[in-house]
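This report introduces a structure to a reader who meets it here for the first time. The sequence and the model are shown below, and a description of the strands and helices follows.

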Amino acid sequence: MLRVELRDRIAVLTLDRPRQLNAIGSETVERLKQALHAVRDNDDVRALVVTGAGRAFSAGADLGEIESFTSPGQFRAFVGRLTEAFALLDEFPKPSVAAVHGFAFGGGLELALACDLRVVERGARLGLPEMKLGVLPGAGGTQRLPRLLPPAIAKQMILTGEPIDAERAHALGLVNELAEPGEALSVAETLAATLAAGAPLALAAGKRLIGHGLGMDLEAAIAYERETVSVLFSTEDRAEGLKAFRERRPGDFRGV
């Protein structure tokens, strides 16, 4: 369902249901939450990569499981599990990179949207097709996508259910880096390694500042920024960063 591999300072989380195009069901969601909790407590891991096995990142939520529901309450609980797991990833103190190939639809795209950065292979397709099933994205798609794309483009994707390709997504700013076919994971790991080289406390603080600051007015957000960077000034990593800069070498950051 979900495979976890540790590579140097990077944890690679792989959706591992290739025959089901990595459809995301309750068991996968539970394993994702368990993996995130384990990685959070592992000081040797500094960044995450999320990817999928087989020919696609993810086809979305597990329709087989959804079709077994007999009441709206069961569906609501299912969506709640997805939302909770994706929020855990979104708010995770360590940076994450989605490595997307083939396609990321529905819940699969919502998972990629919960990551900090996205590397997508040329020719891949990204979409929220729920409208075509008579529903809407329910695990963050209607809220995260308009924060990452121009609202009119996000509305078009959500209200028509039509996907866009990787090249257009990159031009619109949804995708951070385009990769050649077969290279998304490699490019994502390289990007994650760059993130992992940063100071852990500053990385976590940077994520909080951006995430929370977007919901504040500018004056309050700048005040929040000032207080946050003032706290970072007293860390050992800050002193190490300055020393490394003067000595023209990479910083040896320890998260203290």
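## Strands and helices of the model

Within strand 8, Ile-164 is the bridge partner of Leu-126. Helices (H or I, at least four residues) and strands (E, at least two) are DSSP runs, numbered from the N terminus. Two strands pair if DSSP finds at least two bridges between them. The model is a predicted one, in which local features need pLDDT of at least 70 and side-chain atom pairs count only at pLDDT 80 or more, while totals for chains, interfaces and linings use all residues. Residues are numbered from 1 along each chain as its sequence is written, and side-chain values use heavy atoms, with hydrogens and water left out.

**The sheet of 3 strands.** Strand 8 belongs to an open sheet of 3 strands with the order 5-7-8 and mixed pairing. Its edges are strand 5 (103–105) and strand 8 (164–165), each of which pairs on one side only. Helix 4 lies across strand 5 and strand 7, at about 100° to strand 5. Such angles run from 0 to 180 degrees between N-to-C directions, with axes fitted as lines to C-alpha atoms, for helices over the stretch in contact.

**The sheet of 6 strands.** A second arrangement is an open sheet of 6 strands in the order 1-2-3-4-6-9, again with mixed pairing. Here strand 1 (2–7) and strand 9 (177–179) form the edges, each pairing on one side only. On average, neighbouring strands of this sheet are turned by 20° against each other, direction ignored. Helix 4 (residues 107–114) packs on this sheet and touches strand 2 (10–15), strand 3 (47–52), strand 4 and strand 6; contact means heavy atoms within 4.5 Å. The direction of helix 4 makes about 145° with that of strand 4.

The table lists strand pairs from both sheets.

| Strand pair | Sense | Bridges |
|---|---|---|
| Strand 2 and strand 3 | parallel | 6 bridges |
| Strand 3 and strand 4 | parallel | 3 bridges |
| Strand 4 and strand 6 | parallel | 4 bridges |
| Strand 7 and strand 8 | antiparallel | 2 bridges |

Individual partners can be named as well. Ala-11 stands opposite Leu-48 in strand 3, Val-49 has Val-97 as its bridge partner in strand 4, and Val-100 has Val-120 in strand 6.

Strand 3 is mostly covered, with 6 of its 6 residues buried; buried means under 20% relative accessible area, exposed over 50%, and partly exposed in between (1.4 Å probe, protein chains only). Ala-47, Val-49 and Thr-51 point one way from strand 3, whereas Leu-48, Val-50 and Gly-52 point the other way. In a regular strand the side chains alternate between the two faces of the sheet.

**Helix 1 and helix 3.** Lys-33 is placed in helix 1. It counts as buried because its relative accessibility is 15%. Leaving aside residues up to four places away in sequence, Lys-33 touches Glu-84, Ala-85 and Leu-88.

Ala-85 is also one of the buried residues of helix 3, together with Phe-78, Val-79, Leu-82, Phe-86 and Leu-89. Seen down the axis of helix 3, the buried residues fall within an arc of 125°, so they line one face of the helix; the arc is that of the directions from the helix axis to the C-beta atoms. The face turned away from this buried side carries the exposed residues Pro-72 and Arg-76.
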